[in-house]
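Trainee: Hi! I have a new model open and would like to talk it through with you. Where should we begin?

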Amino acid sequence: YPLPAKHADNVVQIVSSGPDTDWESIMQGMATAIMSARDYVYMHTPYFVPNDVILNAITVAALSGTDVRLMIPVRSDSRLSDACTFSYMGEILEAGVKVYQYTKGFLHSKAIVVDDFIAIVGSANLDERSFNQNFEANAFIYDKATSLRLKELFLNDITNSRELSFQDWDNRKRSQKIKESFARLFSPII
């Protein structure tokens, strides 16, 4: 086989995890990237059912003054997952995270960009299943040009999204709140 080409401009680290590993490597890498952010963290995910580590990383980053933005689909392919996702919205909105609901089709992008330096793309969602139950692989790309391109894509997607305010979330129907509370019970397996 030919030797792979070498590029001095960027470094790519392929990280995998699954039920056969001792460490939740993708989740740990994501949490480290989020916690190291100084300026911004932009995240695309179709399913947002974070474990405590990711939830704490996101809220601490936002409370520290970092511009943290999360984009989720206005509706995914799972009502249970949607209800569970919304059960986390109050906590992150209150911490200052800006949440956008993508309205132009189903958002299936799984990407995080941090401070024009780290771009994370791959198969893992921001959920417990992706971190320790499914076999997943993500690329951690340490490159300014790639990060700027991913940031540009995120900002372009905002034009096809609506921002979820804390007031909108707080004023949802009581029946929706009950569904979300019930769905949250299943968050470790969603």
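Mentor: Let's begin with a cut-off: a residue is buried under 20% relative accessible area, exposed over 50%, and partly exposed in between. Asp67, at 21% relative accessibility, therefore counts as partly exposed. Keep in mind that this is a predicted model.

Trainee: Got it. Which residue forms a salt bridge with Asp67?

Mentor: That's Lys98, with the closest N and O atoms 4.0 Å apart. Asp67 sits in strand E4 and Lys98 in strand E5 (residues 98–102), so the pair ties together parts 31 residues apart in sequence. Lys98 counts as partly exposed because its relative accessibility is 32%.

Trainee: And which residues are linked with Asp67 in a network of salt bridges?

Mentor: Arg69 and Lys98 are linked with Asp67 in that network.

Trainee: How many salt bridges does a search of the whole structure find?

Mentor: Four. One of them joins Lys151 to Asp116, where the closest N and O atoms are 3.6 Å apart. This pair links distant parts of the chain, with Lys151 in helix H6 and Asp116 in the loop between E6 and E7, 35 residues apart.

Trainee: Is Asp116 buried or partly exposed?

Mentor: Partly exposed, because its relative accessibility is 22%.

Trainee: What about Arg149, which residue does it form a salt bridge with?

Mentor: Glu152, and the closest N and O atoms are 3.3 Å apart. These two are three residues apart in helix H6, so about one helical turn separates them. Arg149 has 45% relative accessibility and counts as partly exposed, and Glu152 is also partly exposed, at 40%.

Trainee: Why would residues three places apart point the same way?

Mentor: Because an α-helix has 3.6 residues a turn, residues three or four places apart point the same way.

Trainee: Nice. Changing topic: in what order do the strands of the sheet come?

Mentor: The eight strands run E1-E9-E7-E6-E2-E4-E5-E10, forming an open sheet with mixed pairing. Its edge strands are E1 (11–17) and E10 (161–164), each pairing on one side only. From one strand to the next, the twist averages 15°.

Trainee: In which sense do E2 and E4 pair?

Mentor: Parallel: E2 (residues 40–44) and E4 (residues 67–73) pair over five bridges. Take Tyr42, whose bridge partner in E4 is Arg69.

Trainee: Which strands does helix H1 touch?

Mentor: H1 (residues 25–36) packs on the sheet and touches E1, E2, E6 (111–114), E7 (118–122) and E9 (136–142). The direction of H1 makes about 30° with that of E9.

Trainee: What about H3, how many of its residues are buried?

Mentor: Seven of the nine, so to speak of H3 (residues 79–87) as mostly covered is fair under the cut-off of 20%. Among the buried ones are Cys84, Thr85 and Phe86. Leu80 lies in H3 too, but counts as partly exposed because its relative accessibility is 38%.

Trainee: Which nonpolar surface patch does Leu80 help to make?

Mentor: A patch of about 410 Å², made by Leu80 with Phe182, Leu185 and Phe186.

Trainee: Last one: where is Asn160?

Mentor: Asn160 is in the loop between helix H6 (144–158) and E10. Leaving aside neighbours within four places in sequence, Asn160 is in contact with Gln101, Tyr102, Thr103 and Lys104. The C-alpha atoms of Asn160 and Tyr100 are separated by 9.3 Å, although the two are 60 residues apart along the chain.

Conventions:
Residues are numbered from 1 along each chain as its sequence is written. This is a predicted model: local features need pLDDT of at least 70, side-chain atom pairs count only at pLDDT 80 or more; totals for chains, interfaces and linings use all residues. Side-chain values use heavy atoms; hydrogens and water are left out. Buried means under 20% relative accessible area, exposed over 50%, partly exposed in between (1.4 Å probe, protein chains only). Helices (H or I, at least four residues) and strands (E, at least two) are DSSP runs, numbered from the N terminus. Patches are made of residues with over 30% relative accessible area and no salt bridge: like charges are joined within 9 Å, nonpolar side chains (Val, Leu, Ile, Met, Phe, Trp, Tyr) within 5 Å. Accessible areas come from the Shrake-Rupley method with a 1.4 Å probe; for residues, only the protein chains shown count as cover. A salt bridge is a side-chain nitrogen of Lys or Arg within 4 Å of a carboxyl oxygen of Asp or Glu. Two strands pair if DSSP finds at least two bridges between them. Axes are lines fitted to C-alpha atoms, for helices over the stretch in contact, and angles run from 0 to 180 degrees between N-to-C directions. Contact means heavy atoms within 4.5 Å.
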